[in-house]
Amino acid sequence: MTDYMSMLFEDPAKDSLIKIGFITKAMDALATVPKAQLPPRGRDAEGNHFFVGFELTTDPIDGVEYTLRPKAIKALRAEPIYELRLSVERLNWHFRATFFPKYHPDTNQLFYCLVNPFEKEGKEGDNDDPTDENMQETYEVFKQVRAHFDDYRKYFDDLYQ
């Protein structure tokens, strides 16, 4: 996630500032979602995926606030992997970041571990959809963190020191 955000910060375009604004607001909103309120896998009776939605408003950028109401969190097929989703049609920007929930074993603090940020080229169902590959990579990270938490402890503990 750090590399993706750095890339946006290095781009002086106003569109990059808007993207940064929405990503940071989405991460703030995600931090308030209890694990029990993450969406289930599958579809509802009408065939639609389950989502958690947000209403996001950026801090002013050149005096303008931008608002987005994304279907922001979707469960992916590999449990417990989720996707943070933001799309701004006028920017042709379809941001995704795969993540998983993890409780700190000592403090029981809930963390959402964002692993793979990426942009999709178009709508769902396109042939070059990187979601499955990113989901699988995130699942592998999840398994490593679960099996060897002490190797990753510093990333969790450093946030509160």
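Which residue in strand 5 is the bridge partner of Ile-73? In this predicted model, that partner is Leu-84, and the pair makes a good starting point for a walk through the strands, the cores and the charged contacts.

## Strands 4, 5 and 6

Ile-73 and Leu-84 belong to a pairing in which strand 4 and strand 5 run antiparallel, joined by 3 bridges. The connection between strand 4 and strand 5 is a hairpin of 6 residues.

On the other pairing, strand 5 meets strand 6, again in the antiparallel sense, through 7 bridges. Here Ser-87 sits opposite His-94 of strand 6. This second hairpin has 4 residues between its strands, and Asn-92 in the turn takes a positive phi of about 50°. Strand 5 takes part in both pairings, and strand 5 is mostly covered, with 6 of its 7 residues buried. As a general reminder, side chains in a regular strand alternate between the two faces of the sheet.

## Two nonpolar cores

The largest nonpolar core holds 32 residues, and the residues with the most contacts inside it include Phe-22, Phe-54, Ile-73 and Leu-86. Two or more residues each come from helix 1 (2-10), helix 2 (14-30), strand 4, strand 5 and strand 6 (93-103). Helix 2 gives the largest share, 7 residues. Apart from this core there is a second, separate one of 12 residues, among them Val-115, Met-135, Phe-142 and Val-145.

Trp-93 is also one of the residues with the most contacts inside the largest core. Setting aside neighbours within four places in sequence, Trp-93 touches Tyr-4, Lys-19, Phe-22, Ile-23, Leu-86, Ser-87, Val-88 and Glu-119. Phe-22, Ile-23 and Leu-86 from that list are themselves among the residues with the most contacts in the core, while Ser-87 is the residue that stands opposite His-94.

## Salt bridges

Side chains of opposite charge can pair when their charged atoms come close. Across the whole structure, the search finds 10 salt bridges. One of them joins the side chains of Arg-77 and Asp-132, with an N to O distance of 3.0 Å. Arg-77 lies in the loop between strand 4 (71-75) and strand 5 (82-88), whereas Asp-132 lies in helix 3 (residues 131-147), so this pair ties together parts that are 55 residues apart in sequence. Arg-77 is exposed, at 62% relative accessibility, and Asp-132 is partly exposed, at 41%.

What about charged side chains that are covered? Arg-85 and Glu-83 form a salt bridge at 2.8 Å, N to O. Arg-85 is buried, with a relative accessible area of 9%, and Glu-83 is buried too, at 1%.

Helix 3 also has a salt bridge of its own, between Lys-143 and Glu-140, whose closest N and O atoms are 3.3 Å apart. These two residues are 3 residues apart in the helix, about one turn. Both are partly exposed: Lys-143 has 28% relative accessibility, and Glu-140 has 36%. Elsewhere, Asp-106, Asp-150, Arg-153 and Asp-157 are linked in a network of salt bridges.

Definitions and conventions
Residues are numbered from 1 along each chain as its sequence is written. This is a predicted model: local features need pLDDT of at least 70, side-chain atom pairs count only at pLDDT 80 or more; totals for chains, interfaces and linings use all residues. Side-chain values use heavy atoms; hydrogens and water are left out. A salt bridge is a side-chain nitrogen of Lys or Arg within 4 Å of a carboxyl oxygen of Asp or Glu. Buried means under 20% relative accessible area, exposed over 50%, partly exposed in between (1.4 Å probe, protein chains only). A nonpolar core is a set of buried Ala, Val, Leu, Ile, Met, Phe, Trp, Tyr and Cys residues joined through side-chain atoms within 4.5 Å. Contact means heavy atoms within 4.5 Å. Two strands pair if DSSP finds at least two bridges between them.
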